[in-house]
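User: I am new to this structure and would like to learn how to read its features. Please take them one at a time.

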Amino acid sequence: MKKSLAFALAGGLTALAISPAFAQKIRVGCTSSADCGTAMVAVDNGIFEKLGLDVEMTRIALNSNIPPALLSNSLEIGGPTSSVFLQAADGGLDLVAVAGASYMHEASNEGTVAVIRDGVTIEKASDFSGKKVGVPGFGAYIHILFVRYLMENGVDPASVNLVETSFPSMPDVIRTGAVDAVLSGGPIVARILESKTGHLGPKFVSELGGDAPIIFYAATRDWAQANPEAVKKFREGIAEAVALIEKDREVAIASVAKFTEQTPELVRATPPSKYKAEITAEGLGWWLDLMKKQDLLQGSVDAANLLAP
């Protein structure tokens, strides 16, 4: 009887030890795009759960809202664009990169475009002068590259009326005529084209080129230092998700469609994202050089110091 009770107790304790209720809770915030697809896949396919992490994905309206959400402890991990992250670090926010997410590559560069409202003609950089253009967050990846595109084509960025427009609202602001164009990619572009309220404009990112990180996973330095095992497991989960997506893109399509509330057909029709689990100082350095040329950084940022151990 005593032996049976001992076995029962041991079994119960083992069950408690591996129960998801005792897994470490991590809230991950990303905008409504495919860039955090690896975290979505790791959640939906039980990868994080297997590693003892209880990860909850949260949609964030504007990428620039992610650093404040990390600082306020509304999120443990977020997916800021490289430019938003670097501006936050330059402004004194003590954030670190914990894992890679999406990277620029030929297909994604081709798919990140200006979508023009029907009835408006914009075919080249100079045509943007005097127009109202929606960008998914000031200082975000798309905004920074668009400004570079204008400057390299001799257009004063101040001549363009840029307004912050979240990804989910872009189809509506195009339809209602609130803006002349939006800068977007992925399922949002497909949704606007499908509604026949807008048409493709300049492929400004493709014209610029590049293979730097777009979005990566970041946390406060305090949280990362206090939770080294969670950071390690999170990286492992992202790496496993990358490998799974490389074998079968459909798993990413399903998760991205679920998180962004788009149909799988729309997601499938857009260029696939390129995912890597790694983030390097060299990748951040590419953005540092670009942002310094636009006078977007006030201090001296050391890319190597922005990587979590």
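Analyst: We begin with a term: two strands pair if DSSP finds at least two bridges between them. Note also that this is a predicted model. In general, the strands of a sheet pair through backbone hydrogen bonds, either parallel or antiparallel. Here, Lys 132 stands opposite Asn 161 in β7.

User: In which sense do strand β6 and strand β7 pair, and over how many bridges?

Analyst: Strand β6 (residues 132–135) and strand β7 (residues 161–164) pair in the parallel sense, over four bridges. Between them the chain passes through α7, and this β-α-β crossover is right-handed. β6 also pairs with strand β8 (residues 181–184), in the parallel sense over two bridges. There, Ala 181 in β8 is the bridge partner of Val 133.

User: What is the order of the strands in the open sheet?

Analyst: The five strands of this open sheet follow the order β7-β6-β8-β5-β9, and their pairing is mixed. β7 and β9 (198–200) are the edge strands, each pairing on one side only. On average, neighbouring strands of the sheet are turned by 30° against each other, direction ignored.

User: Which strands does α9 touch, and which does α7 lie across?

Analyst: α7 lies across β6, β7 and β8, and runs at about 115° to β8. α9 packs on the sheet, where it touches β5 (113–117), β8 and β9. The direction of α9 makes about 125° with that of β9.

User: Now the empty space. How much of it lies in the largest pocket?

Analyst: The general idea is that rolling a probe the size of a water molecule over the atoms shows where empty space is left. In this model, the largest pocket holds about 480 Å³ of space. It is lined by 36 residues, and the closest to its centre are Ser 33, Ala 34, Asp 35, Gly 186 and Ser 273.

User: Which element supplies the largest share of the lining, and how do the lining residues divide?

Analyst: α13 gives the largest share of the lining of the largest pocket, four residues. Elements that each supply at least two residues include β4 (95–103), α7 (141–152) and α9 (187–195). By type, the lining residues divide into 19 nonpolar, 14 polar and three charged.

Technical notes. Residues numbered from 1 in each chain as written. Predicted model: local features only at pLDDT ≥ 70, side-chain atom pairs only at ≥ 80, totals over all residues. Heavy atoms only, no water. 1 Å grid on protein atoms, 1.4 Å probe; cavity = no way out; pocket = protein on both sides within 12 Å on 5 of 7 lines; lining within 4 Å. Points joined across faces, edges and corners; volume = space filled by probe spheres on them. Nonpolar A, V, L, I, M, F, W, Y, C, P; charged D, E, K, R; others polar. Right-handed = clockwise from strand over helix to strand, strands pointing away. Axes fitted to C-alpha atoms, helices over the stretch in contact; angles between N-to-C directions. Contact = heavy atoms within 4.5 Å.
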